[in-house]
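Q: I should like to learn how strand pairing, backbone angles and cysteine contacts are read from a model. Could we work through one case together?

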Amino acid sequence: MPVPSLITDLTTVAATNSPTGSESPATADDYFRAHASFIAQLRDSAFGAWQTWQDVTASRALGVIYTNSTGRAIVICVTCSLPHGAFIQLTVNGLNIGFQSNTTGGVTNSMCMTAIIPDGATYKSSGSSAHSIWMELRA
């Protein structure tokens, strides 16, 4: 096997991902360096790695479509106070993925909706009650 240049060059069979034993020390070193870089790629792309919760409430509005252009998946958590009869829903790529409503008479309920937003996906929160907190786990 030649020295892999991409993680997709590797297979799930360990013996096929290493030098055959007849390579020069420099080529063997290239294998080790390639594998170390693949491990770093996996570490850095792990969900939540190098991401923090950010309060984006001031920059988000009900019914506005946003696009995740961060290069990786993010998590959103939208919290709102719903008076009787109010509702909120989350939409990702035009698909309604969550809906909550308050059917409790005379009571205002605080509700939170959370979703994973893939890289490149569009998302929005809509409904009859504005959000009070909008948090995103992002880089």
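Q: In which sense do β2 and strand β7 pair, and over how many bridges?

A: Strands of a sheet pair through backbone hydrogen bonds, either parallel or antiparallel. In this predicted model, β2 and β7 (residues 122-127) pair in the antiparallel sense, over two bridges. Within this pair, Thr67 stands opposite Thr122 of β7.

Q: In what order do the four strands of the open sheet lie?

A: The order is β2-β7-β4-β5, with antiparallel pairing. At the edges lie β2 (66-67) and β5, each of which pairs on one side only.

Q: Which strands pair with β3?

A: One partner is strand β6 (residues 109-117), joined to β3 in the antiparallel sense over nine bridges. Strand β8 (residues 131-138) is also antiparallel to β3, and six bridges join these two. Individual residues show both contacts: Cys77 of β3 is opposite Thr114 in β6, while Ile76 has Glu136 in β8 as its bridge partner.

Q: Is β3 mostly covered or mostly open to solvent?

A: Strand β3 (residues 74-82) is mostly covered, as eight of its nine residues are buried. As a general idea, the side chains of a regular strand alternate between the two faces of the sheet.

Q: How many disulfides are counted, and why does Cys80 not form one?

A: The test is distance: a disulfide requires two cysteine sulfur atoms within 2.5 Å. By that rule the count is zero. The closest cysteine sulfur to that of Cys80 belongs to Cys112 and is 8.8 Å away, so the separation is too far for a bond. The surroundings of the two residues can be read as well: Cys80 is buried, with a relative accessible area of 0%, whereas Cys112 is partly exposed at 36%.

Q: What is notable about phi of Trp50, and where is this residue placed?

A: Most residues other than glycine have a negative phi. Trp50, by contrast, has a positive phi, near 65°. Trp50 is in the loop between α1 (25-45) and β1 (52-55). With a relative accessible area of 61%, Trp50 is exposed, because the cut-off for that class is over 50%.

Q: What is phi of Asn93, and is this residue buried or exposed?

A: Asn93 is not a glycine, yet its phi is positive, near 50°. Asn93 lies in the loop that runs between β4 (87-92) and β5 (95-101). Its relative accessibility is 53%, so Asn93 counts as exposed.

Notes. Residues numbered from 1 in each chain as written. Predicted model: local features only at pLDDT ≥ 70, side-chain atom pairs only at ≥ 80, totals over all residues. Heavy atoms only, no water. Buried < 20%, exposed > 50% of the residue type's maximum accessible area, 1.4 Å probe, protein only. Pairing = 2+ DSSP bridges.
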